[in-house]
Amino acid sequence: MKKNKSSVLFGAIASAAMSLGIASAQADEVEIKTQKLTDNIYVLFGRGGNIAAHVGQQGTYIIDDQFAKLAPQIKAKLKELNPDAAEFVINTHYHGDHTGGNEVFAQAGAHVIAHHNVHKRLQAEHGEDSDFLPRLSFSKDMTLHFNGEHARLQHFAHAHTDGDSVVFFDNANVVHMGDIYFNFGSLPFVDVDGGGSVDGVLAAVQTVIDAIGDDTQVIPGHGPMSNKAGLQSYHALISKAKAIMLEAIEEHKTLEAVVAADPLAQLNLEYMGWLPKERVTTLFYRSLTGEIN
Ligand SMILES: [Zn+2]
């Protein structure tokens, strides 16, 4: 992780900026890198959420699809792995850096799958008839039986958002966390306005830790590949930040006073440009006090 830290951070900053429509970097500046995890599973790192590709005898499906602009490059990379077009696209949540390619892939014949709340949020954003919307949505869990794997999609309520799914490839011993896991050695983006919560992230991460083995390959929503030990450190860091924040809330009461006291400074963490410490402090405060609005 260390040697790639600056480029990884840059990618995350750029992806977040793009998802907010702040920057309009040219798609051809982005290099899509592929990492092979097993004979059937690859990770594609580009700009935006990490994509998992499952390829096999029956065809191809992917988890998340970054941005529309990158879809041609992503398709070209997938073609190198398997000649068939993607048959399914699973969205781990609704954010634009994970669902931006939905329309392009759907119009090429893929069926998009996600939790009900992803459908609800994308419907509000794009309208009822849009090809950005999942065609199949689910409540608690769903299993995709394809390529000799039984990919289990499990919903975790109020974690990074209100529509998060973690995808377990049990046969392959791989799990895709979506943005419940930001693997930058820092604190996550808890999208309180999108139904996320600090406690939901902690609960989801703990559930996955309990469900996987030491040798399970863990794909984070952003950042390099990880494992159970990485998830445990991440959980410990968020727990520590939560405790520090609860103490500060007890002492300083108001959001303004807590932000001014800068309680997270003692953790000495690095923050991304689009997610500065003040914003993390504010989101943790809102989540932990229930002051969502
Ligand atoms: Zn996200």
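By the pairing rule used here, this predicted model holds six aromatic pairs. Two of them share Phe146, and the table sets them out.

| Pair | Centre to centre | Angle between planes | Arrangement |
|---|---|---|---|
| Tyr61 and Phe146 | 5.8 Å | 70 degrees | edge-to-face |
| Phe88 and Phe146 | 5.4 Å | 90 degrees | edge-to-face |

Why do the rings of Phe88 and Phe146 count as edge-to-face? Their planes stand at 90 degrees, and the cut-off for that label is over 60 degrees.

Each pair also links distant stretches of chain. Tyr61 belongs to strand E4, residues 59–63. Phe146 belongs to strand E8, residues 141–146. The two residues are 85 apart in sequence. Phe88 sits in strand E5 and Phe146 in strand E8, so this pair ties together parts 58 residues apart in sequence. Tyr61 and Phe146 are both buried. Phe88 is buried as well.

Other rings gather elsewhere. Phe182, Phe184, Phe189 and Trp274 make up one aromatic cluster. Charged side chains also meet rings. Arg121 lies over the face of Tyr94, 5.2 Å from the ring centre. Lys75 lies over the face of Phe105, at 6.0 Å from the ring centre.

**The nonpolar cores**

The largest nonpolar core has 44 residues. Which of them touch the most other members? They are Met177, Ile180, Leu187, Val208, Leu231 and Phe284. Strand E10 (164–169), H6, helix H7 (228–252) and H9 each give two or more residues to this core. H7 gives the most, with nine residues.

Phe284 shows what such a core member touches. Setting aside residues up to four places away in sequence, Phe284 touches Leu187, Pro188, Val190 and Val198. Ile238, Ala241, Lys242 and Met245 are also on its list.

A second, separate core has 20 residues. Val43, Tyr61, Ile90 and Ile219 are among them. Tyr61 is the ring already met in its edge-to-face pair with Phe146.

**Ser287 in helix H9**

Helix H9 covers residues 277–289 and includes Ser287. Is Ser287 buried or exposed? Its relative accessibility is 15%, so Ser287 counts as buried; the cut-off is under 20%. Leaving out neighbours within four places in sequence, Ser287 is in contact with Val192, Ser197, Val198 and Ile292. Val198 is also on the contact list of Phe284.

**The zinc site**

Which residues are the protein donors of the zinc ion? They are His93 through NE2, His95 through ND1, His160 through NE2 and Asp179 through OD. These donors lie 2.1 to 2.3 Å from the ion. Angles among the four donor atoms run from 86 to 168 degrees, and the site is irregular. In sequence, the donor residues follow the spacing H-x1-H-x64-H-x18-D.

His95 lies in the loop between strand E5 (86–90) and helix H3 (96–99). Asp179 lies in the loop between strand E11 (174–176) and helix H6 (198–211). The pair therefore ties together parts that are 84 residues apart in sequence. Both His95 and Asp179 are buried.

**His119 in helix H5**

One more histidine deserves a look. His119 is in helix H5, residues 116–126. Not counting residues up to four places away in sequence, His119 touches Leu133, Pro134 and Ser137. His119 and Phe67 are 52 residues apart in sequence. In space, the two are 17 Å apart, C-alpha to C-alpha.

Key. Residues are numbered from 1 along each chain as its sequence is written. This is a predicted model: local features need pLDDT of at least 70, side-chain atom pairs count only at pLDDT 80 or more; totals for chains, interfaces and linings use all residues. Side-chain values use heavy atoms; hydrogens and water are left out. Donors are N, O and S atoms within 2.8 Å of the metal (3.2 Å for Na, K and Ca); water is not among the atoms, so sites may look incomplete. Four donors count as tetrahedral if all angles lie between 85 and 135 degrees; four count as square planar and six as octahedral if opposite donors are over 155 degrees apart and all others between 65 and 115; anything else is irregular. Helices (H or I, at least four residues) and strands (E, at least two) are DSSP runs, numbered from the N terminus. Buried means under 20% relative accessible area, exposed over 50%, partly exposed in between (1.4 Å probe, protein chains only). Contact means heavy atoms within 4.5 Å. A nonpolar core is a set of buried Ala, Val, Leu, Ile, Met, Phe, Trp, Tyr and Cys residues joined through side-chain atoms within 4.5 Å. Rings of Phe, Tyr and Trp (its six-membered ring) pair if their centres lie within 6.5 Å; planes under 30 degrees apart count as stacked, over 60 as edge-to-face and the rest as tilted. A charge sits over a ring if NZ of Lys or CZ of Arg is within 6 Å of the ring centre and within 35 degrees of the ring normal.
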